[in-house]
Amino acid sequence: MRDFMMICSLVCSLPLVALAQPDAPKQKLLIALASFRDRPKHPQIYFYEHDGVSSGKITGSIDTVNLRSDYHPSLSLDGKLCAFASELENQTSRIFLWDLAEKKLVNLPAINDSPNAQLHPTLTGDGQIVAFAAWDRSGFSQRWDIVGYDLKAKKLLDLPKLNTPKFDERMPCFSGNGRWLAFTSNAPGGVGLTDIYLYDRAESKGIAVPEMNSPGMDITPSLNEDGNLIAFVSDRPGGKGGRDIYLFDRNAKKIIDLPGLNSPAQEQSPSLSPDGRFIAFVSERTSGMGERDVYLYDRQTQKLLPTPGLNSKREDFDPCMIVVK
């Protein structure tokens, strides 16, 4: 009994730091998402912080106007800038940039100098370049093409040998280091109906990834920091549901298992954290809060994480995730 009391006294005298879990997270995640939670007809961009384990909360949103719909946010790796697509009712979509610290839009001359739709923006990690898909934009083809814009120089950026003249290039996504740009194309010569390709900005050339693509539809790629890992959506046979999320390792040239992520429902819109550990995604599974919800998957524990306050009874979608240092 005396020995037990001595041990209790010793433990109680230890500082709290010594009693902390050795694997306690030293990082937090920032997720930008679109949601109808406060505006039933017009989605708005919200920001959600998560501790990488089980706690999180909404920390802010992008100011909007009555008839404007904002969606598909893309964050710089420092969490200071957020590019997004937006449209006023009965007008075509535009590309905007939000400064999170200043809480205001950044002026981007010439980026929206087109009468036609512009969608799916993606930022380089340093927040210097945004790429997006544009329909029938002057100086490009009369179909969907990927357009680059230099945010520092405030002018369009040349991406030679990326687009095709008669087919669609869409859904761009930069790697964190900005070298690699993943995108989808329905140009002939691929494996399936829509394939995912990579564009190497350092060498100005496209790269096919036949080991990753399927005879079906492979879409919405998301890259990690160095562009080796590609999360994407596919309707290929052998999945859990109609559309599932897959993860491809370019170095190993193989699909990596994601146990516990997919469901019999539709999974969509993956966002891979820069370190490749976490995947935020959208699912239509019936156990969610609304018709579509955002989920967070940890590859280290191979589990879905609790995300209190993230979803609403309305639709939540289009996540973009970074690790806040």
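Which residues does Cys82 touch, not counting residues up to four places away in sequence? In this predicted model, the residues in contact with Cys82 are Ile45, Phe47, Ile62, Pro73, Ser74, Leu75, Phe96, Leu97, Trp98, Leu100 and Leu123. Cys82 belongs to the largest nonpolar core, a set of 44 residues, in which Phe47, Leu75, Cys82 and Leu296 touch the most other members. The greatest contribution to this core comes from strand S1, residues 28–35, which supplies six residues. A second core, separate from the largest one, holds 15 residues, among them Leu229, Val233, Phe281 and Tyr295. In soluble globular proteins, nonpolar side chains tend to be buried together.

With regard to overall architecture, the protein contains two helices and 24 strands. Its radius of gyration is 21 Å, close to the 20 Å that the globule rule gives for 325 residues, and the protein is therefore as compact as a globular protein of that length. Along the principal axes, the C-alpha atoms fill a box of roughly 85 × 45 × 40 Å. Of the 325 residues, 51% are buried, and the protein exposes about 15900 Å², of which carbon and sulfur atoms supply 53%. When contacts between residues at least 6 apart in sequence are considered, 42% of them join residues at least 24 apart.

Strand S1, already noted for its share of the largest core, has seven of its eight residues buried, so that this strand is largely enclosed by the rest of the structure. Strand S1 is joined through seven bridges to strand S24, residues 316–324, with the two strands running antiparallel, and in this pairing Leu30 stands opposite Ile322 of S24. An antiparallel pairing over seven bridges is also found between S1 and strand S2, residues 44–50, where Leu33 stands opposite Tyr46 of S2. Strands of a sheet pair through backbone hydrogen bonds, either parallel or antiparallel.

An open sheet is formed by four strands in the order S4-S5-S6-S7, with antiparallel pairing. The edges of this sheet are occupied by strand S4 (68–75) and strand S7 (104–105), each of which pairs on one side only. Within the sheet, strand S5 (residues 81–88) and strand S6 (residues 94–99) are paired in the antiparallel sense over six bridges, and Ser86 has Arg94 of S6 as its bridge partner.

Another open sheet is built from four strands in the order S20-S21-S22-S23, again with antiparallel pairing. Strand S20 (267–272) and strand S23 (303–304) stand at its edges with a single partner strand each, so one side of each is left without a neighbour in the sheet. The antiparallel pairing of S20 with strand S21, residues 278–283, extends over four bridges, and the bridge partner of Glu267 in S21 is Ser283.

Glu267 also takes part in a salt bridge with Arg285, in which the closest N and O atoms are 3.0 Å apart. This pair links distant parts of the chain, since Glu267 lies in strand S20 whereas Arg285 lies in the loop between S21 and strand S22 (293–298), 18 residues apart. Both Glu267 and Arg285 are buried.

In total, the structure holds 11 salt bridges. One of these joins the side chains of Arg68 and Asp70, with an N to O distance of 2.8 Å, and both Arg68 and Asp70 are buried. A further salt bridge connects Lys205 with Glu203, the closest N and O atoms of which are 3.1 Å apart. Lys205 has a relative accessibility of 37% and therefore counts as partly exposed, and Glu203, at 46% relative accessibility, likewise counts as partly exposed. Lys205 and Glu203 are also members of a network of salt bridges that links them with Arg179 and Asp200.

Key. Residues are numbered from 1 along each chain as its sequence is written. This is a predicted model: local features need pLDDT of at least 70, side-chain atom pairs count only at pLDDT 80 or more; totals for chains, interfaces and linings use all residues. Side-chain values use heavy atoms; hydrogens and water are left out. A nonpolar core is a set of buried Ala, Val, Leu, Ile, Met, Phe, Trp, Tyr and Cys residues joined through side-chain atoms within 4.5 Å. Buried means under 20% relative accessible area, exposed over 50%, partly exposed in between (1.4 Å probe, protein chains only). Contact means heavy atoms within 4.5 Å. Two strands pair if DSSP finds at least two bridges between them. The radius of gyration is taken over C-alpha atoms; the globule rule is 2.2 Å times the number of residues to the power 0.38. Accessible areas come from the Shrake-Rupley method with a 1.4 Å probe; for residues, only the protein chains shown count as cover. A salt bridge is a side-chain nitrogen of Lys or Arg within 4 Å of a carboxyl oxygen of Asp or Glu.
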